[in-house]
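Work through the exercises below with the sequence and the model in view. Each task is followed by a solution in steps.

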Amino acid sequence: MTTSDTTTTSECPIILDVKGLSTDFVMKRGTVQAVRDVSFSVHAGEVLAIVGESGSGKSVASLSILQLLQPPGRVVAGEVRYRGQDLLLLSKREMRDVRGNKISMIFQEPMTSLNPVFTIEDQLTESIRTHMKLDKKAATERAIEMLRLVGIPSPEQRIKEYPHQMSGGMRQRVMTAMALSCDPDLLIADEPTTALDVTIQAQILALLADLREKIGMAVILITHDLGVVAESADRVVVMYCGQVVEEATAQALFERPLHPYTLGLLESIPGMEDTEDDGQLYMIPGMVPNPLNLPKGCAFAPRCSWAIDRCASDMPPLVELEDGRKLRCFVDVTAVEPAAPACAPAESAPAGPTPAGPSPAGPASGEVRA
Amino acid sequence: MTEPLISLRNVSKHFTMDRDLLGRTTSVLKAVDDLSLDIYPGETFGLVGESGCGKTTVGKLLVDLYEPTAGEIVYNGVDLAKVSAKERRRYCRDIQLIFQDPYASLNPRMTVGDIIAEPIRVNRLQPVEKIDDRVGYLLNAVGLSANYRNRFPHEFSGGQRQRVGIARALAMEPKLIVCDEPVSALDVSIQAQVLNLLDDLSEEFGLTYLFIAHGLNVVKHISDRVGVMYLGKLVEVAPKRELYRNPLHPYTKALLSAIPVTNPALRTKRILLEGDVTSPIDPKPGCRFAGRCYAKGECVGCACDDEMPPLVEVSPGHFVACYLHPGAR
Ligand SMILES: Nc1ncnc2c1ncn2[C@@H]1O[C@H](COP(=O)(O)OP(=O)(O)OP(=O)(O)O)[C@@H](O)[C@H]1O
Ligand SMILES: Nc1ncnc2c1ncn2[C@@H]1O[C@H](COP(=O)(O)OP(=O)(O)OP(=O)(O)O)[C@@H](O)[C@H]1O
Ligand code: SF4
Ligand code: SF4
Ligand SMILES: [Mg+2]
Ligand SMILES: [Mg+2]
């Protein structure tokens with residue numbers, strides 16, 4: 001997959017249009033607003049990446065789209081239009097038809113979504129038979145073929161196994177095989193390659209690219225691996241504390257990140273440069289705020305080196321810039337030097353010495369220290 | 001020369017796949033096959049390799065969750081198979097495992113304080129009245145406030161939960177910690193926190209790590225030496241810098257070339273592996289990588305398809321198992 005064909009996919013029709021999606025978890029201690037007024041769209045055949053800190057609402061957003069939220073989770077606002085139809089208005093039965101047939105999902109935790117008491121064959125053929133109307137033999141053949149495509153060796157033998165007999169990465173690939181077996185129109189892949197080595201990861205990403213080519217499948221790729229994003233996504237949505245804080249084409253985002261959180265994220269990647277010094281890695285100072293007690297203004301303000309007075313009191317809106325990018329920030333980081341963060345909660349100070357200062361691409365070193 | 005803290009000597013772990021009518025094994029999966037490895041006190045040994053090549057199995061053998069099919073595990077000079085029950089318990093305390101999945105490895109019904117106190121209580125590592133202090137100390141050591149002890153795991157973020165797992169492992173006062181992909185599930189900013197923490201703790205507590213991971217940049221950052229596995233075998237071992245600068249095994253080269261990077265200018269030419277992933281079930285004789293090796297053609301007159309090349313030292317501390325390198329033939 002390359003990032004160069006963005007123009008072609010953005011001319012394709014929008015197949016999924018998420019508007020103002022908000023999801024809450026109402027608990028005794030308070031309400032977690034896990035997803036706050038999130039909007040994005042996916043074009044046919046496009047790969048849209050969603051990145052963001054752990055706990056920023058990526059998984060909850062995708063579960064909301066597919067009506068798979070468990071209570072106390074509830075969508076409280078917004079619409080999810082799939083090829084014109086609002087999925088949130090569909091009945092459970094209609095929704096089940098969409099899932100697996102049109103939209104399928106690779107879940108973040110394969111261990112929790114594979115059933116330990118059934119063989120891989122049972123689980124794969126069941127979904128193939130219900131959605132593709134194949135007989136048992138044909139379904140098994142299809143299942144074996146899918147396992148081969150995701151790089152499981154000796155699939156004829158391994159299909160008879162139970163999930164616990166497979167390695168972590170193999171279980172993850174079984175999930176992928178299951179999600180792809182019905183030729184979906186849209187795939188939501190929540191961290192599909194975390195348990196894989198880079199060569200098999202490349203094989204899986206190539207498989208997705210191939211399906212995109214052949215059947216025009218679109219992909220929402222949720223991942224924390226920014227290398228994977230750079231190499232396989234057309235556009236990127238960056239989330240922080242349940243909100244979209246930046247949206248851009250993959251190329252633009254890596255060339256010129258505009259949100260202070262995005263800058264910090266790029267800075268935290270351990271490099272592959274051949275340096276003698278493998279000292280401390282850069283860390284974004286402070287911690288994600290308590291979801292039960294979000295800051296009044298910009299959610300990133302307590303950790304932001306660029307914060308100005310109004311960041312603590314006003315919520316920056318998500319604005320569309322001239323070049324089609326979107327940004328939720330009061331400050332133009334390309335024009336202003338960062339200052340020290342307003343406040344970094346003491347209890348959240350990471351253990352150990354302060355991180356080494358970031359390189360010239362990021363905020364000026366030293367001043368970011370908590 | 002220092003003595004290794006722990007050694008695997010020709011260790012195998014095989015799983016039976018199929019038996020005939022008489023109950024004789026007809027098909028075996030060789031998860032780990034005749035593997036030897038020394039880990040020295042105070043070092044961080046990084047273990048990488050293809051998904052399914054046996055890394056977790058090596059980890060489970062080390063923490064005594066699996067019994068080896070063959071070979072011996074030697075700890076502080078003593079063969080584990082020959083120790084008394086009491087010494088074995090001591091061993092199990094010395095070697096701790098940090099699981100890959102912070103979500104699944106903590107009991108959701110226990111408070112974080114109880115999760116950390118339990119191993120201390122069960123093993124009587126501290127007098128009862130001191131346990132509370134110890135828990136607070138360990139929480140601080142991993143960068144969490146002692147006030148967090150009454151919270152439940154689901155109230156923590158992924159990175160905080162991972163640190164709770166580390167605090168629980170530290171509670172046992174271990175010598176060696178096997179970290180099975182401790183950061184794969186975390187986003188980069190939290191990865192950085194956990195990696196920095198492991199680094200600090202190794203200095204403070206004099207810990208030795210076996211660090212299993214897929215992120216080659218992460219392994220490069222944290223390890224002293226790195227071992228590369230392919231289908232149950234170690235195919236290359238070298239000090240980290242040497243391995244990344246001068247990879248010798250064709251699989252290692254392919255692996256290093258496939259790392260996705262954010263900067264297109266740093267993208268190197270990919271070595272794509274052709275053919276199906278090789279199976280560990282009833283492996284053919286010969287080099288385990290032969291079925292996918294793109295360099296086999298260069299190896300004129302080699303026994304690639306007949307015999308697995310031995311792991312030989314080609315320069316000080318740099319071992320490789322490939323016939324392309326003189327000494328292996
Ligand atoms: N069952 C639940 N009860 C209460 N809060 C929840 C529940 N599930 C999720 N949350 C909260 O919703 C927020 C978003 O969680 P989500 O799982 O979407 O994060 P994520 O972006 O997918 O993170 P990660 O990268 O760690 O997977 C978090 O603050 C989380 O604590
Ligand atoms: N209990 C078991 N029964 C049968 N086969 C097993 C068992 N445990 C592991 N295996 C097999 O042994 C091989 C090695 O598995 P292992 O979990 O060690 O791989 P790994 O290198 O950790 O892979 P990953 O990177 O995907 O986690 C795999 O083919 C796996 O299916
Ligand atoms: S500069 Fe202000 S608005 Fe922008 S990210 Fe920082 S705190 Fe938020
Ligand atoms: S021994 Fe032969 S098949 Fe094996 S890695 Fe070396 S060249 Fe390739
Ligand atoms: Mg998630
Ligand atoms: Mg594993």
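**Exercise 1: a metal site**

A:Ser59 is partly exposed, with a relative accessible area of 21%; buried means under 20%, exposed over 50% and partly exposed in between, with a 1.4 Å probe and protein chains only. This is a predicted model, in which local features need pLDDT of at least 70 and side-chain atom pairs count only at pLDDT 80 or more, while totals for chains, interfaces and linings use all residues. Residues are numbered from 1 along each chain as its sequence is written, chains are lettered from A and ligands numbered from 1 in the order in which they are written, and side-chain values use heavy atoms, with hydrogens and water left out.

Task: find the protein donors of the magnesium ion (ligand 5) and say which parts of chain A they tie together.

Solution.
1. Donors are N, O and S atoms within 2.8 Å of the metal (3.2 Å for Na, K and Ca); water is not among the atoms, so sites may look incomplete.
2. The protein donors are OG of A:Ser59 and OE1 of A:Gln108, at 1.9 to 2.2 Å from the ion.
3. A:Ser59 belongs to helix 2 (residues 58–65), and A:Gln108 to the loop between strand 6 (103–106) and helix 4 (110–113), so the pair ties together parts of chain A that are 49 residues apart in sequence. Helices (H or I, at least four residues) and strands (E, at least two) are DSSP runs, numbered from the N terminus.
4. A:Gln108 is also partly exposed, with a relative accessible area of 26%.

**Exercise 2: the helix at the site**

Task: is helix 2 of chain A mostly covered or mostly open?

Solution.
1. Of its 8 residues, 6 are buried, and the helix is mostly covered.
2. Among the buried residues are A:Lys58, A:Val60 and A:Ile65.
3. A:Gln67, with a positive phi near 55°, follows helix 2.

**Exercise 3: the core**

Task: where does the largest nonpolar core lie?

Solution.
1. A nonpolar core is a set of buried Ala, Val, Leu, Ile, Met, Phe, Trp, Tyr and Cys residues joined through side-chain atoms within 4.5 Å.
2. The largest one has 67 residues, and A:Leu147, A:Leu180, A:Leu187 and A:Val236 have the most contacts inside it.
3. Domain 1 (112–183) and domain 2 (257–270 + 280–370) of chain A both contribute residues, so this core lies between them; the bounds come from an automatic or database domain assignment.
4. A second, separate core has 66 residues, including B:Leu198 and B:Met308.
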